[in-house]
Structure formats: structure tokens, C-alpha cells
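Biologist: Could you take me through one part of this predicted model up close? I'd like the nonpolar core, then how the helices around it pack, and anything odd you come across on the way.

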Amino acid sequence: MASYLQIFSTFAKIGAFTIGGGYAMIPLVKNEIVKKGWMEDDEFPDIIALSQSAPGLLAVNISIFVGYKLKGTPGSVVATLGSVMPPFLIILIIAMAFSGFQDHPVVIRIFQGIRPVVVALIAVPMLQMARKANRTWWMWGMSVATILLVAFLKVSPIYILIVTIVISYTLAKYRDSRKREDMK
């Protein structure tokens, strides 16, 4: 089992070398915790789903859930501190050192160059999770429909979730009633 120092150092490393926030952190977190045997590969999408549905920052929520799984409440505190401290300190140093350079053309170009990398870091784990989660054509259809509705028609994800919950509940009830009728 992981020690508090291992948990802190793992999440500190992830927090220090992740550019782009929570979603860009996902492949690093997955690689680290699966490689160390702290979690199985098929458990990881559940942690992501829980982290996305909880209020707050994705990176912090992932840290909380993984730390809690490993060492309970103290583990979640240690993992959260590990993931938050390095970016906080890095941003603090950057803000103090480069406050006069934010409008400099070289700095602007550097950050514009980083953007496509961050997009790729976010897209790759999302596609990998989609491949594992979407086992039927119906699931793929739901994923594509959701992307289209959110990205192009600007439908709120909340409405999509509500409709999906209602449909899933209705289908489950229908299947249960059919099973009961077949058993008679």
C-alpha cells in the first residue's frame, strides 16, 4: 500500500508538470496510479466520472478520490495538497517574476504554441475512455449526439444528463416489467 509521502510526491509531480488544468492531468494520473498498482485500469473511468460530477476543480477531485481510496480522509488531504501546492507555487513565482512580460510578443507566442499540446493531452485520454466505455453502437450514438448537442447547438449538459437519466430509468423499468411477464 502507498505511504503518505508516496501519495504526496506522486500528485506533486503530476501537479508540477501538468500544463492546462484538470483534463490535461488525466493521462498523467492514470499512468501513475495504474503503474503503481494503486488502481486497476478499468476503475479509472469511474474516478473520472465521480470527479466530474462533484463540485470543484477536476484535478482536486481526482486527487481527493484517489487519496481516499488509498488512505481514507488523510490520504485525500495529502493527495490534494500534493496536486495543488506545485501549481500554486509555480504560478506565484511566475506572477512575481513575469508580471511585466504578459504582453510581450514572445510570451504570447509561447502560450499560443502550448495550446495545441494541451488540447491533445485532453483529447487522447477522452478517446481512450470513450473506446472502453462505449461497447455498443447505441452507446457510441449517445456519445456522438451529446458532443454535437453541446458543441454545436450549445445545449446545456445538465439537460442532456436529465434526459438520459429519465430514458435510462424508463428503459430499466420496462425491461424489469418484461422480465416479470416472461417469468409468469
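Modeller: Let's start in the middle. The largest nonpolar core has 21 residues, and the ones with the most contacts inside it are Ile7, Phe11, Val29, Ile33, Phe44, Ile62 and Val66. If you want to know who supplies them, the elements giving two or more residues to this core are α1 (4–17), α2 (22–35), α3 (44–53) and α4 (58–98). The top contributor is α4, which gives seven residues. Keep in mind as we go that all of this is read off a predicted model.

Phe11 is a good place to zoom in. Once you set aside its neighbours within four places in sequence, Phe11 is in contact with Val29, Ser63, Val66, Ala79, Gly82 and Ser83. Two of those partners, Val29 and Val66, should ring a bell, as they are also on the list of residues with the most contacts inside the core.

Now for a charged residue to look at alongside that: Glu32, which is found in helix α2. Is Glu32 buried or exposed? Its relative accessibility is 6%, and because buried means under 20%, Glu32 counts as buried. As for its company, Glu32 touches Thr10, Lys13 and Ile14, if you don't count residues up to four places away in sequence.

On to how the helices pack. Two packed helices are described by the angle between their axes and the distance between the axes, so let's use that pair of numbers each time. For α1 and α4, the angle is about 40 degrees and the axes are 7 Å apart. That makes α1 and α4 oblique to each other, because an angle has to be under 35 degrees to count as roughly parallel. The crossing of α1 and α4 is right-handed. By class, the residues of the contact of α1 with α4 come out as 15 nonpolar, five polar and one charged.

Next, look at α3 against α4. Here the packing angle is about 125 degrees, with the axes 8 Å apart. So α3 and α4 are oblique to each other, and their crossing is right-handed. Who meets whom? On the α3 side you have Ile47, Ile48, Leu50, Ser51 and Gln52, and they meet Leu58, Asn61, Ile62, Phe65 and Val66 in α4. The contact of α3 with α4 divides into seven nonpolar, three polar and no charged residues. Notice Ile62 and Val66 in that contact; both are also among the core residues with the most contacts.

One more helix pair, further along the chain. α6 and α7 pack at an angle of about 150 degrees, with their axes 10 Å apart. Angles over 145 count as roughly antiparallel, so that is how α6 and α7 sit relative to each other. The crossing of α6 past α7 is right-handed. In α6, Met142, Thr146, Leu149 and Val150 meet Pro157, Ile160 and Thr164 in α7. This contact has five nonpolar, two polar and no charged residues.

And here's the oddity you asked for. Lys154 has a positive phi of about 55 degrees although it is not a glycine. Where does it sit? You'll find Lys154 in the loop between α6 (137–151) and α7 (157–183). Lys154 is exposed, with a relative accessible area of 65%, whereas Glu32 counts as buried at 6%.

Technical notes. Residues numbered from 1 in each chain as written. Predicted model: local features only at pLDDT ≥ 70, side-chain atom pairs only at ≥ 80, totals over all residues. Heavy atoms only, no water. Core = buried A, V, L, I, M, F, W, Y, C linked by side-chain atoms within 4.5 Å. Buried < 20%, exposed > 50% of the residue type's maximum accessible area, 1.4 Å probe, protein only. Helix = DSSP H or I, 4+ residues; strand = E, 2+ residues; numbered from the N terminus. Contact = heavy atoms within 4.5 Å. Axes fitted to C-alpha atoms, helices over the stretch in contact; angles between N-to-C directions. Parallel < 35°, antiparallel > 145°, perpendicular 65-115°, else oblique. Left-handed = near helix turned anticlockwise from the far one by under 90°. Nonpolar A, V, L, I, M, F, W, Y, C, P; charged D, E, K, R; others polar.
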